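Let's walk through this one together, starting with a single pair of strands and working outwards. Keep the viewer open as you read.

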Amino acid sequence: MTSTAQPPPLVDALPTAEAEPPEQGGSRRRGGLTGYLLLLPATLWLLLFFVVPFYSLVATSLFDPSGSDFRGYEMTWEFGNYVDAVRDYWQPLLRSLWYGGLATLFCLVLGYVLAYAIAFKAGRWKNLLLVLVVAPFFTSFLVRTLSWKLILADDGFVVETLQFLHLLGDDGRLLATPVAVVAGLTYNFLPFMVLPLYASLEKIDPRLIEASGDLYANPFVGFFKVTWPLSLPGVVSGTLLTFIPAAGDFINAQLLGSPNQRMVGGVVQSLFTDANDYPAAGALSVIMMGGILMMVLVYVRRAGTEDLL
Amino acid sequence: MSQVAEQSPGGGAVPAAGEETAYDGLRLRQVTKRFGGFTAVETLDLDVPRGSFFALLGPSGCGKTTTLRMVAGLETPTSGAIELAGHDITYAKPYRRPVNTVFQNYALFPHLDIFENVAFGLRRRKRKDVADAVHRMLELVELESQAKKKPAQLSGGQQQRVALARALINEPEVLLLDEPLGALDLKLRRAMQIEIKRIQVEVGLTFVHVTHDQEEAMTMADTVAVMNAGVIEQMGAPAELYENPRSTFVANFLGQSNLIEGRVLRRDADVVSVDMQGITVSVPAARAHTDGDRGWVGIRPEKVLIGEPGEELDAPGNTIPGGVISDVSFVGVSTQYLVRMPWGQELQVFSQNTGRHRIFRHGEPVELSWRPEYAFLLDISQDAHAGAEEGEE
């Protein structure tokens, strides 16, 4: 690194030409169409698979709710659909955010421990453990959730053990409770938390942790002052990757819960397939989407890691 | 009596057993470190006097960094003890010992600004007036204006000074420097050497500096310990080590040496006479480090005088005739010659370009000479090339 092109003079009493760090994020201008051409595939992709369906969804949510499959729907700009959707389904809406949030929290705690162990303690088992984290994806989501139904079944060993320990009443059960739904969500989305966490923990220079120890931080303080802040990019992307699909999930609530644990995803699904109430389903979808988007924006802003994402 | 490094130039300080008085510096006793079957450090004894600038010098893999890490608490010795100011710290946790390290690649916290990096140690120890102390320290390393920047925004030399400030502010009993200048370019390295030396004098703390750069060690340290293969080969003041090396490794690793095989003819009280390829040369007894009847006669290239055959050379020693110049490199302040001797060996000669001599050309016949007091005699069983390659890094 030579010091030919120095940025504005740093006040520096040492009479030496110090090499400057390489410029970061410097945007280089390349004339012509190349940039636009390179953007074209992604733009087309987004147009085809995001803008068009999204337009269709928003349009549907504003159709006249008195329409049906037989008579067809009319666009009447029915903003009342949104009011109705909130009035009728505010419980599943809040429940979705609540269950999704809980599952994200559990994923974060479990996933952080796991990712930390893989990144720093696993040694030569690192790759094997990473494969094991991803291994459940080789089975269908549905099959895995169904097998949780067996694990948490009323005559299954988990329930029997908990009953034996009197943590659960004699007629207590796990299936059809929020516990089962949140457990299912946590299980299913754990890898989405572990992988980004692992990626950012693995990048941390172990010498930084040594340095914190050298500077009088015990391992506990060192973790919170060095490891945790440096893993925040992974925490943010992990929680987003977990929370967004978990809040929108309906399989876990349907297979492991009861109608009392219904989440928005389930409501939308039944509105579409059973009730054929497309406008209500569309409105609910848009509300959920907007809600999650708002929360994510606030969260990312609070975490102050926009540049790290 | 314990031999303190400064008092025993040229000798490895081996504390005598049974000594009771507390030593106020850093002391390593019989420290050994093994990694599996590999011995990184072998029964090392070392005394670093309080307030001194001590350099551990050696090629990579010689155990110097392991030694440093054991003092820092980042490694635990397999056996032996480490004492600091009279306290045994062998098994103390790193965050409990009054030792701070300037890491090889600085290991600055990338998420904290310069101020917080420097304040880190004080905050952990819940010190008051952190801001004042940090500003004073940043002033010392001349980085006050950079306090709000992140480490990635600074140049290598500035990061280096932040690392130094971050360690120094804690006023440790011992400051450890692990190849602190390794990542800097040559010019900056020279400037930082002077800078660090200035700061050491100013704060008066004990510095232990690990490096493979012999010039760096000699420029900065009061005492240099040359380490090779897990043991200390020789320890002493830089000039002492350079002028009177005790092993071929030190002779080659610190600068360059001509080593010529010879047979010991006579040992007098203060002079040893050696038959060197048919020419009798003498070596001061204090600089003869072998008891055998054969040895390596050593002479530094800049101590060798070169002249035309028959010319009066300004040296009372013997003239060694029959040399032929086989290589000439002109380096400005001096000219470096390779001279092929009648016995086939090529000797290095550095001649100052004072203007008194013309510069010889390739193939010219020359005579060599040197003052006997500059010669040294080493053990013939040692490898004449030991340390030569590592020293050229």
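**A walk through the two chains**

In chain B, strand 1 (residues 26-35) and strand 4 (residues 79-84) run antiparallel and are joined by five bridges. If you want one residue pair to click on, take B:Arg29, whose bridge partner in strand 4 of chain B is B:Ala81. Bear in mind as you look that this is a predicted model.

Now zoom out a little from that pair. Four strands of chain B make up an open sheet, antiparallel in its pairing, and the order is 2-1-4-5. The edges are strand 2 (38-48) and strand 5 (87-88) of chain B, each of which pairs on one side only.

That sheet sits in a chain with plenty else to look at: chain B has eight helices and 20 strands. Taken along the principal axes, the C-alpha atoms of chain B fill a box of roughly 75 × 50 × 35 Å. Of the 393 residues in chain B, 46% are buried. As for contacts in chain B between residues at least 6 apart in sequence, 66% of them join residues at least 24 apart.

For a closer look at one spot, go to B:Arg267, which belongs to strand 11 (residues 258-267) of chain B. Is B:Arg267 buried or partly exposed? It has 14 other C-beta atoms within 10 Å, so B:Arg267 counts as partly exposed; the cut-off for buried is 20 or more, and for exposed 12 or fewer. The C-alpha atom of B:Arg267 is separated by 9.8 Å from that of B:Ala288, which is 21 residues away along the chain.

How far does the predictor trust all this? The mean pLDDT of chain B is 88, and 93% of the residues score at least 70. Confidence in chain B is highest in helix 2 (residues 114-124), at 95, and lowest in helix 5 (residues 186-203), at a mean of 87. Residues 1-19 of chain B are another matter: pLDDT stays under 50 there, and the model has 44 contacts beyond four places in sequence for this stretch. For the model, ipTM is 0.79 and pTM is 0.78.

Over to chain A, where two helices are worth setting side by side. Helix 1 (residues 34-61) of chain A has 28 residues, which at 1.5 Å a residue should span 40 Å; the end C-alpha atoms are 39 Å apart, so the two values agree. There is still a bend of about 40 degrees at A:Leu40, with the proline A:Pro41 following within four residues. Helix 1 of chain A lies largely in the open, because just two of its 28 residues are buried.

Helix 6 (residues 178-202) of chain A has 25 residues and an expected span of 36 Å, and its end C-alpha atoms are 34 Å apart, which agrees. A kink of about 45 degrees sits at A:Phe189 in this helix, shortly before the proline A:Pro191. Helix 6 of chain A is mostly covered, with 20 of its 25 residues buried.

Finally, where do the chains meet? The interface has 24 residues of chain A in contact with 30 residues of chain B. On the chain A side, helix 7 (206-214) and helix 8 (219-248) are the elements that give two or more residues. Helix 7 of chain A gives the most, with six residues. By class, the side of chain A that touches chain B has 15 nonpolar, three polar and six charged residues.

Terms used
Residues numbered from 1 in each chain as written. Chains lettered and ligands numbered in written order. Predicted model: local features only at pLDDT ≥ 70, side-chain atom pairs only at ≥ 80, totals over all residues. Expected span 1.5 Å × (residues − 1). Bend = angle between axes of the 7 residues up to and from the residue. pLDDT = per-residue confidence, 0-100. Contact = placed C-beta atoms within 7 Å. Pairing = 2+ DSSP bridges. Nonpolar A, V, L, I, M, F, W, Y, C, P; charged D, E, K, R; others polar.
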